[in-house]
Amino acid sequence: MQVLDFLSVSIIPILIFCIVLDGIMSKRPVFEDFTSGAKDGLQIIIEIAPTIIGLLVAIGVLRTSGTLDLIADFFSPLADFLHIPSQLIPVSLVKMFSASGANGLLFDLFKEYGTDSFIGVSASVLLSCTETLFYTISLYFMSVGIKDSRWTIPVGIVIAIISLFVSVWIANAVVGL
């Protein structure tokens, strides 16, 4: 256990040291490379900020307007048929756009059902095994100038649906319902 404690505390400093040491050994201007990368990163943030802000505003509007509840009610018969708690539908939808918005919904589920409940565990596993699909696509694709996402979004949505099923299955095994 002490080895894991040591590794968890020291792995990042060791990694940074190794990167800097490699740069020095290969006679690279390490600090100049770092500042150049930081400038590039800030430029990317400036370029994608409008998209990110738009996603966050849209999530806020959907959440406060009750649209997410309407969507959950619409898909509730299908979710019941598939033995998926309908409370997970808004969480899985929001997670595709915003992790912080999905975390807010997760905390609401924790307050209502408890952290150790089937719904709480299912939602926790769901948020742990899915990606913020549209956020990630907008971030990475815009940063390198890709205009056509081709199959990325459909495949990402299929994976999100599979993740919903898997999270319910894992929670069922953990909670034992």
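Here is a short dialogue on reading the features of this predicted model.

Trainee: Before we start, what should I keep in mind about the values?

Mentor: Since the model is predicted, local features need pLDDT of at least 70 and side-chain atom pairs count only at pLDDT 80 or more, whereas totals for chains, interfaces and linings use all residues. Residues are numbered from 1 along each chain as its sequence is written, and side-chain values use heavy atoms, with hydrogens and water left out.

Trainee: How many helices and strands does the chain have?

Mentor: Helices (H or I, at least four residues) and strands (E, at least two) are DSSP runs, numbered from the N terminus. Here there are 8 helices and 0 strands, giving the pattern α-α-α-α-α-α-α-α along the sequence.

Trainee: What is the radius of gyration of the chain, set against a compact globule?

Mentor: This radius is taken over C-alpha atoms, and the globule rule is 2.2 Å times the number of residues to the power 0.38. For 177 residues a compact globule would be near 16 Å, but this chain has 21 Å. Along the principal axes, its C-alpha atoms fill a box of roughly 65 × 45 × 30 Å.

Trainee: And what share of the residues counts as buried?

Mentor: Buried means under 20% relative accessible area, exposed over 50%, and partly exposed in between (1.4 Å probe, protein chains only). In this chain, 31% of the 177 residues count as buried.

Trainee: What do the contacts say about separation along the sequence?

Mentor: A contact means heavy atoms within 4.5 Å. Among contacts with a separation of 6 or more, 66% are between residues 24 or more positions apart.

Trainee: How do I read a pair of aromatic rings?

Mentor: Such a pair is described by the distance of the centres and the angle of the planes. Rings of Phe, Tyr and Trp (its six-membered ring) pair if their centres lie within 6.5 Å; planes under 30 degrees apart are stacked, over 60 edge-to-face, and the rest tilted. The structure holds 4 aromatic pairs. In one of them, the centres of F31 and F34 are 6.4 Å apart with planes at 35°, so the pair is tilted.

Trainee: Where do F31 and F34 sit?

Mentor: They are 3 residues apart in helix α2 (residues 30-65), so about one helical turn separates them. F31 is exposed at 59% relative accessibility, and F34 is exposed at 57%.

Trainee: What about F107 and F110?

Mentor: They form a tilted pair, 6.3 Å centre to centre with 55° between the planes. Being 3 residues apart in helix α5 (residues 99-113), F107 and F110 are separated by about one helical turn. F107 is partly exposed, with a relative accessible area of 46%.
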